[in-house]
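Me: Could you walk me through the symmetry and helix packing in this one? I'd like to see how each label is earned.

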6 protein chains.
Amino acid sequence: MKKRTALFPGTFDPFTIGHESIVRRGLALVDEIVIAIGFNESKNFYFPIEKRLEMIRAIYANEPRVRVESYNSLTVDFAQEVGAHFILRGIRSVNDFENEKTIADMNRTISGIETFILLTEPALTHISSTLVRELLRYNRDVSNFVPQQSIHLLTSK
Amino acid sequence: MKKRTALFPGTFDPFTIGHESIVRRGLALVDEIVIAIGFNESKNFYFPIEKRLEMIRAIYANEPRVRVESYNSLTVDFAQEVGAHFILRGIRSVNDFENEKTIADMNRTISGIETFILLTEPALTHISSTLVRELLRYNRDVSNFVPQQSIHLLTSK
Amino acid sequence: MKKRTALFPGTFDPFTIGHESIVRRGLALVDEIVIAIGFNESKNFYFPIEKRLEMIRAIYANEPRVRVESYNSLTVDFAQEVGAHFILRGIRSVNDFENEKTIADMNRTISGIETFILLTEPALTHISSTLVRELLRYNRDVSNFVPQQSIHLLTSK
Amino acid sequence: MKKRTALFPGTFDPFTIGHESIVRRGLALVDEIVIAIGFNESKNFYFPIEKRLEMIRAIYANEPRVRVESYNSLTVDFAQEVGAHFILRGIRSVNDFENEKTIADMNRTISGIETFILLTEPALTHISSTLVRELLRYNRDVSNFVPQQSIHLLTSK
Amino acid sequence: MKKRTALFPGTFDPFTIGHESIVRRGLALVDEIVIAIGFNESKNFYFPIEKRLEMIRAIYANEPRVRVESYNSLTVDFAQEVGAHFILRGIRSVNDFENEKTIADMNRTISGIETFILLTEPALTHISSTLVRELLRYNRDVSNFVPQQSIHLLTSK
Amino acid sequence: MKKRTALFPGTFDPFTIGHESIVRRGLALVDEIVIAIGFNESKNFYFPIEKRLEMIRAIYANEPRVRVESYNSLTVDFAQEVGAHFILRGIRSVNDFENEKTIADMNRTISGIETFILLTEPALTHISSTLVRELLRYNRDVSNFVPQQSIHLLTSK
């Protein structure tokens, strides 16, 4: 049985306990997960990409089956570069579903890379990076929504 | 790395090329798939369960990584009985998504068994067992919608 | 320019002002509409098929561009039988959309017959045959929800 | 300020902790809630209506602001009979939303009675009467899914 | 029975007859509604916030149960500041539903404040601030889509 | 029978084989289609409007029943200007459906112009201008996703 590697791409601005849940559950299914932060010049991010890499690496410091990388190419090209045969995605809602389906279909068509989906746990469906940023903007406590190991990195942009 | 087995439960009345696509793509992700036909006394089926078992076994006669079984218990209990750590499901549409999410959440809650999802390939989203049965009722050709190896078994109920 | 005929299939149990709106607006686009009531032995209907034919024919007694028929075959076969090159459907909601898309895709695949969609007018989206039957069961007035010309036929089953 | 009464209609076969959450949160908004079990001859129920009344009354034995009744009429007529000016409904998902919208629009049109909606708490979205019945059929423990005070009544049909 | 106050937050750029319908129907359920216009520096608005406040205050000049305010904080914090125990929202469509559910779940989690939902009346579901602005851009008449009392304020930005 | 003209409005940045399929199938239903590219100053486009006009005109150089125009006004006003009595739209997904319904309802309300919908063929649902632009950004081959006759125009912006 060959080693199975999945790419978990996203912007992770910031990485939440919802993302953490997907990675934990995904590790039951594959041998290795590469968390991959995509560059996207047309969007304004709350945390710079170096900070986001640092936060996620802090979370998985003791998990040898998780790697954290950034990339600036087509997602399927980066998957092939790191030896991933699958893309892993979490879906929270119907809106997510339609977007993910379109992208997954296109990725399969142009590269043959398959996407598998885990459904967000019910207790986490309302947690999104967008809402965490909204709370941060008004100086509210977000320690219930991001992984413990990354909290100390949130304070200083 | 331990052997990974997934349960692919359904009624498969009949098994279509849409189901076949999910199994083929799922085998890239896990080592073994158990296709499991659930009894359900409250529904009327077009093909009796023995015929459905026969049809699906004909399709996978030469695929040692696929087993075909029937069951009359909770899906998660049958998964544990056959040593499956995952449930595999295909989703075609938004309606499917909501139903699958509810069932997957309940299955995780009561047993810890995780469900992973593959999205139906675009060219197959309109193919369903319901529509195949509708064609069969009016004696229309369905050979484009069910796997080759099972076609000869469709004629005689 | 050749004559354009569309089939408007349904169960119409009963035909509502929502259906009437689709036919009226469809007649702006095609030259003739054949309203077609499908037999379906597995469902229990409120009004027998003869009564439904009578009600709809009363509504279009003075409209030579509308014919009303019943059929017991695949919808696409009946379309070809009456010379219809299109199927016309109204969509009220997201649930409708997904069902209609699946059926329309299958119909195009097996026969080449195209389906075009009109969207239900906002003020009529809550009117359905199901809700009219619910009102009839409790002897409530439904005269705001079915076309004028068919009201006198509702009283006696 | 006049007394505000809301009707909470359903089949409650059985009443779950999801329903209990809606009632508790609804009581913050209105002064009184009438839980109303509708008769529906065309459906087969798991628990007879007397048992369902008994279970729900056991749950609210010490809550004077909740009444539990059964009815066999249009929901809006029963609302008026018990002096309710609102209908209260919980929505778990997109599928629920579309059905509820259609019914709420029709109820407003024929009676002027308004429906207000509470959204199911994320941790409860996967709990439905359907899934509880499925567990009961296979003799699984359901004590996490129905209110404490009704558990002793589940054993004997 | 204590006084019940609900916050109705939005951007209201401009306030339409769809918003007016939600407020009117919400006043049947609560004693007071605070219409609250949120600042959002990252968006470009058609009407400046002062103009929007003026328009909405003109509409409710004779309704002592409605207050109109602007705020620049988390919505739940502003709710507590004005003594509102509920947030009121209108939902037009499935897309709205998913967004509102996520926000309502987060608001309940961080503050305990409950959101109740009214469904947009069918005849108004197609009316949105976005479409009114589109009409204004091309100098079309919008008097059917905004409340009478605010029309004279639309002309001069 | 009078000539039937439909407007097919969009941004077409760029025009894909998905758009081409809608036009081809729409020509079975109407006599003439006017493809209309809307100006929209607030969006950044990948291809300038002159280039998009040139690409689409290349595709329909030999189809006298198709005209290609740009416009800077309300869509319904431009429809009337070119003598179109209908607007034609393709819908790929549930998200599309809701947006299209809102716009179609508003267009009917302000002008009486009707919108008819064709559903995207299953094999094309994952093809969008957005995804084609994403591929172009990374210099990937897009010749499977845009009509043959326009490919030579893609290379030079």
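Reply: Sure. One definition before we start: two residues are in contact when they have heavy atoms within 4.5 Å of each other. Keep in mind that this is a predicted model.

Me: Then what makes chain B and chain A meet through the same surface?

Reply: It comes down to which residues recur. Of the interface residues of chain B, 100% are also interface residues in chain A, so the copies meet through the same surface.

Me: And how do you know that a two-fold axis relates chain B to chain A?

Reply: Two copies of a chain are related by a rotation about an axis and a shift along it. Here a rotation of 180° with 0.0 Å of shift superposes chain B on chain A, at an RMSD of 0.0 Å. That is the relation of a two-fold axis. In chain B, I117(B) has the C-alpha nearest that axis, 2.4 Å from it.

Me: What about chain D and chain B: which kind of axis relates them?

Reply: Chain D goes onto chain B by a turn of 120° and a shift of 0.0 Å along the axis, with an RMSD of 0.0 Å. That is the relation of a three-fold axis. The C-alpha of chain D nearest this axis belongs to N95(D), at 4.2 Å. In this pair the copies use different surfaces, as 8% of the contact residues of chain D recur in chain B.

Me: How many residues does that contact take, and how much area is buried?

Reply: On each side there are 12 residues: 12 of chain D touch 12 of chain B. Together the two chains bury about 1,200 Å², with 61% of it on carbon and sulfur atoms. H126(D), Y138(D) and R140(D) supply 46% of what chain D buries against chain B, more than any other three residues.

Me: How do you know that chain B and chain E do not touch?

Reply: Contact would take heavy atoms within 4.5 Å, and this pair has none; the nearest C-alpha atoms of chain B and chain E are 11 Å apart. Chain D and chain F do not touch either, and their nearest C-alpha atoms are also 11 Å apart.

Me: Now the helices. Why are α4(A) and α4(B) called oblique?

Reply: Their axes come within 10 Å and cross at roughly 120°. Roughly perpendicular covers 65 to 115 degrees and roughly antiparallel starts over 145, and the rest is oblique. The two helices are therefore oblique to each other, and their crossing is right-handed. V94(A), F97(A) and E98(A) make the contact with V94(B), F97(B) and E98(B). By class, that gives four nonpolar, no polar and two charged residues.

Me: And what makes α4(C) oblique to α4(F)?

Reply: These helices pack at about 120° with their axes 10 Å apart, which makes α4(C) oblique to α4(F). This crossing is right-handed. The contact residues are V94(C), F97(C) and E98(C) on one side and V94(F), F97(F) and E98(F) on the other.

Me: What makes the bond from D13(B) to P14(B) cis?

Reply: Its omega is near 5°. P14(B) sits in the loop between β1 and α1 of chain B. In chain F, the bond from D13(F) to P14(F) is cis with omega near 0°.

Me: What is notable about the phi of N139(A)?

Reply: Most residues other than glycine have a negative phi. N139(A) is not a glycine, yet its phi is positive, about 60°. N139(A) lies in the segment after α5 of chain A.

Technical notes: Residues are numbered from 1 along each chain as its sequence is written. Chains are lettered from A and ligands numbered from 1 in the order in which they are written. This is a predicted model: local features need pLDDT of at least 70, side-chain atom pairs count only at pLDDT 80 or more; totals for chains, interfaces and linings use all residues. Side-chain values use heavy atoms; hydrogens and water are left out. Copies are superposed by least squares on the C-alpha atoms of residues with pLDDT of at least 70 in both. Axes are lines fitted to C-alpha atoms, for helices over the stretch in contact, and angles run from 0 to 180 degrees between N-to-C directions. Helices (H or I, at least four residues) and strands (E, at least two) are DSSP runs, numbered from the N terminus. Angles under 35 degrees count as roughly parallel, over 145 as roughly antiparallel, 65 to 115 as roughly perpendicular and the rest as oblique. A crossing is left-handed if the near helix is turned anticlockwise from the far one by less than a right angle, and right-handed if clockwise. Ala, Val, Leu, Ile, Met, Phe, Trp, Tyr, Cys and Pro count as nonpolar, Asp, Glu, Lys and Arg as charged, and the others, Gly among them, as polar. Buried area is the accessible area (1.4 Å probe) that two parts lose on being put together, summed over both.
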